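Q: Could you take me through one part of this model up close? I'm new to this, so please explain the terms as you go.

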Number of protein chains: 2
Amino acid sequence: MTNRASPLPNWAQKSAQKRDSLKAKINPAWLLDLSPTVDLSESSTVSAMDVLQQYGRQVLSKQEWELTEEHDATGMLQLLAERKVSAVEVTTAFCKRAAIANQLVNCLTEVMFDEAVERAKELDEHFERTGKPLGRLHGLPISLKDSFNVKGVQSAIGYVSFLDHEPPTSNAALVDILLAEGAVVYCKTNVPVTLMMADSVNNVTGRTLNPNKLSLTAGGSTGGEGALVKLRGSLLGAGTDIAGSARIPALCNGIYGFRPTTLRVPFVGLTAPGRVGSPSPILPVIGPEGHSVRDLELFMRTVADSEPWKVDHTCVTVPWRTVAPPTRPLRFGYLKEDPSRPLHPTALRGMTSAARKLEDTGHAIVELDGRVPSLWETSRLAWKFFETDPQHVPAQHLRASGEPLVPALETTTLPELQGWEPSVDELFEMNLQRQALVGAWHDIVVAERLDAIILPTYQSTAVRHDTYGFMIYTVLANMLDVRSS
Amino acid sequence: MTNRASPLPNWAQKSAQKRDSLKAKINPAWLLDLSPTVDLSESSTVSAMDVLQQYGRQVLSKQEWELTEEHDATGMLQLLAERKVSAVEVTTAFCKRAAIANQLVNCLTEVMFDEAVERAKELDEHFERTGKPLGRLHGLPISLKDSFNVKGVQSAIGYVSFLDHEPPTSNAALVDILLAEGAVVYCKTNVPVTLMMADSVNNVTGRTLNPNKLSLTAGGSTGGEGALVKLRGSLLGAGTDIAGSARIPALCNGIYGFRPTTLRVPFVGLTAPGRVGSPSPILPVIGPEGHSVRDLELFMRTVADSEPWKVDHTCVTVPWRTVAPPTRPLRFGYLKEDPSRPLHPTALRGMTSAARKLEDTGHAIVELDGRVPSLWETSRLAWKFFETDPQHVPAQHLRASGEPLVPALETTTLPELQGWEPSVDELFEMNLQRQALVGAWHDIVVAERLDAIILPTYQSTAVRHDTYGFMIYTVLANMLDVRSS
């Protein structure tokens, strides 16, 4: 018998190495010197926003504080274009603030701070030499969900087994588009393992906490991104969404998130959490996270104008169209709640006050409650599509390292689908069910001449870790995938 | 023992009734009185074009002959808009000419001549009353492939068992769009049973013959349409295409046919030959048959401008875009032939002379032979998608009546897929194979900056009945489904 502690299991050693390597890439001078009384544990009720306010200037200069605090991406790009600030200044400020955010809520998976500052230098030199910015995103640091491949940088997306993969040898198509427009890539952000949960937790980099209150979830699967943006460690980030992953973190953290129609933002070059080639009609889609609606539009317009169909054969050849502001009152479909997930008072107040404000400004609210297909049944069908894989590839990725299952994995499976296996025959039935759902919504939209639909993102605001559960409100958009252009 | 001939089997009685009922709807005065020496059998080498030239004026007045002979749809619409001719005159002329065409090549499945003339009267009255045409297609008779549902009219699409179905209670979405623009619907046209062959033959209405030479195929599956248009019994017709069905009849008969990108022309309200809800990514699409390229554009523009996404939830919300004529030489990919189906001399001459003419007018020809994935393998994959149905619904439709299989069904199956049954696992593999094909073509198009690709429709001109076989050249477009807008 020996007194030595038993060595860490192999998977845990790999994780520890990864975390150490991440830590080693962050300049220690960019970390806050916090009072020992500041509890940054996942059960803490501390607000990282408050901690940042109180301690942030230990690391950030006055200019860096103001630069990171006071602008959205569009505003920052204007400062950069007018050369009121250099790309190096902006990049350095956001690298530092991202380092702080990571210290507070554990939101980063990869840092490329040194490369980012080098890139920013080149951009400044380009501007100096040519008198013009490189592109529409000249000098803007953009953060990326861990799924986005960046040449030479790992894309573990929370699987310990993926730490054994060689880093990608090329960038995701979107990354190349952003770089061509002058953006600076400086970090990647945390995700839930499998990407199919609303808690960004995994055995590689651990759990991202909610900046508003650490004991709450930061949402997922673009949760690291949501927390980083909320703490203004980023002005604009790229996420993905197959059931709400770009919108749930927006709700949980209190930022702006957008899920566009599929096949418009190039998806090639992302590391997939599951099996590719699925016959499911529900496709993942890339969407931005940011601080203003105009920033989300900036992201979408920049991508569409880049002719993404030239780099991704799945993209539709549909140019960006500028639509004139409406000159008539709009008609909003209003789905207040689904009976299977009644709203908490805070969420209900959000819904009713939004409707009231629209009515007060002359727009029409068309009540949809009771007139649309059950969101619960819709979600159930969506999950059947998501689980249509006889080889259960995500489970294989988990088993490959021997890592244990994180508890949140239990919260977003559907007990009634335990043991369910798809058949080709059932795929036909599922497709017909989906068509019926899409048709039912389509008919209401046409009959009521709806311009848009308002519905909850979730039944409440951010919840405690590992309790978010099934996301019936957000997955509706993925199921319908309305093809407005 | 009795001398009486054994009665017809039940299925044959139903077919005979259907044919009699069709015959009874055609005014006998609209039939040609042909010399007994004119052989209209399917082994005859007679040209129906010649017969029509020789005998047509027995039925058609001088004005009717000229009206049906001298214009394309765009030209006819101009005459109608200028009131140089009435909708009744035009409709009557085309009803008569369609009746003759049917007598010669057996191209019709349904006639609505009386209803059409009534409709034309209403259109003339509308014009008289309002001083304006009803829409862009005011007074134009448009023929429809049998698949298009017309309220109260059968959609047997060649299945004897479908003769027992109640007629549809509503129009296909496209039919409503055409009617809203002032078109006149006056007949439906013959198809191959199952719609998956290039010979328009079935046990309901029999076989459509090629107007140029009766012993040759009229193509399929929009073959009745192709023959009717060729004989100028129609100026513009609507077909469908999942492997070449809108283009093969254009080749075989010598007219213009177009297969657009999927999800732009509303497909709801067509009678399906097989099982709906397929997980196959290869979707059927509606395309026009006509006498000029400008007529095909007229069809597409009219449909796109009708906001078809309001009537069909599967349509993309992509408005028609007018593209300025190019001011630079164009770059044409040129796939002369696939080694698995070498071109006959006539087809080869067509390809080389097209390429030469383009080069002579300053455009670039980029040879693709040997640089693209095998069309044979591409077709094989397409057929796996087409046969992805564990219930084999087309076979059920055939068995339901006891009708015998038409011989052509043997020619477009792939022996190596006999007994093949899809699995969900294989669907993943098939989707990956398809993505690889689409990606390979995409990369060539981008790298060579191709504006368009020219390739054969088939290895020869029209062939003898029941010998067309596998359509490797046309199915490529369905597999790739290039999403230009």
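What follows is a look at the interface of chain B and chain A, and then at salt bridges elsewhere in the chains.

A: Sure, and first some ground rules. This is a predicted model, so local features need pLDDT of at least 70 and side-chain atom pairs count only at pLDDT 80 or more, while totals for chains, interfaces and linings use all residues. Residues are numbered from 1 along each chain as its sequence is written, chains are lettered from A and ligands numbered from 1 in the order they are written, and side-chain values use heavy atoms, with hydrogens and water left out.

Start with who touches whom. On the chain B side, 38 residues are in contact with 38 residues of chain A, where contact means heavy atoms within 4.5 Å. The size of an interface is often given as the accessible area lost when the parts come together. Here the two chains bury about 3100 Å² between them, with 62% of that on carbon and sulfur atoms. (Buried area is the accessible area, taken with a 1.4 Å probe, that two parts lose on being put together, summed over both.) B:H313, B:F428 and B:R483 supply 24% of the area that chain B buries against chain A, more than any other three residues.

Now for the polar side of things. The rule finds 14 residue pairs in polar contact across this interface, both residues at pLDDT 80 or more. A polar contact is a pair of N or O atoms within 3.5 Å; within protein, one must be able to donate a hydrogen and the other to accept it, and residues adjacent in sequence count only if both atoms are side-chain atoms. Sorted by class, the side of chain B that touches chain A has 16 nonpolar, 14 polar and 8 charged residues.

Between the chains there are also 4 salt bridges, each a side-chain nitrogen of Lys or Arg within 4 Å of a carboxyl oxygen of Asp or Glu. One to find on screen pairs B:R275 with A:E429, at 3.8 Å from N to O.

Over all chains, the count comes to 52 salt bridges. Take A:E128 and A:R83, whose closest N and O atoms are 2.8 Å apart. A:E128 lies in helix α6 (residues 113–130) of chain A and A:R83 in the loop between α4 and α5 (87–105), so the pair ties together parts that are 45 residues apart in sequence. (Helices, H or I with at least four residues, and strands, E with at least two, are DSSP runs numbered from the N terminus.) A:E128 is exposed at 56% relative accessibility, whereas A:R83, at 43%, is partly exposed. The cut-offs are under 20% relative accessible area for buried, over 50% for exposed and partly exposed in between, with a 1.4 Å probe and protein chains only.

Another bridge joins A:K84 to A:E82 at 3.0 Å; A:K84 is exposed at 60%, and A:E82 is partly exposed at 40%.

Over in chain B, B:R331 bridges to B:E448 at 3.2 Å. That pair links distant parts of the chain, 117 residues apart: B:R331 is in strand β9 (residues 331–334), and B:E448 is in the loop between α14 (424–447) and β11 (452–454). B:E448 is buried, at 18% relative accessibility. Finally, salt bridges that share partners join A:R275, A:D389, B:D425 and B:E429 into one network.

Conventions: Nonpolar A, V, L, I, M, F, W, Y, C, P; charged D, E, K, R; others polar.
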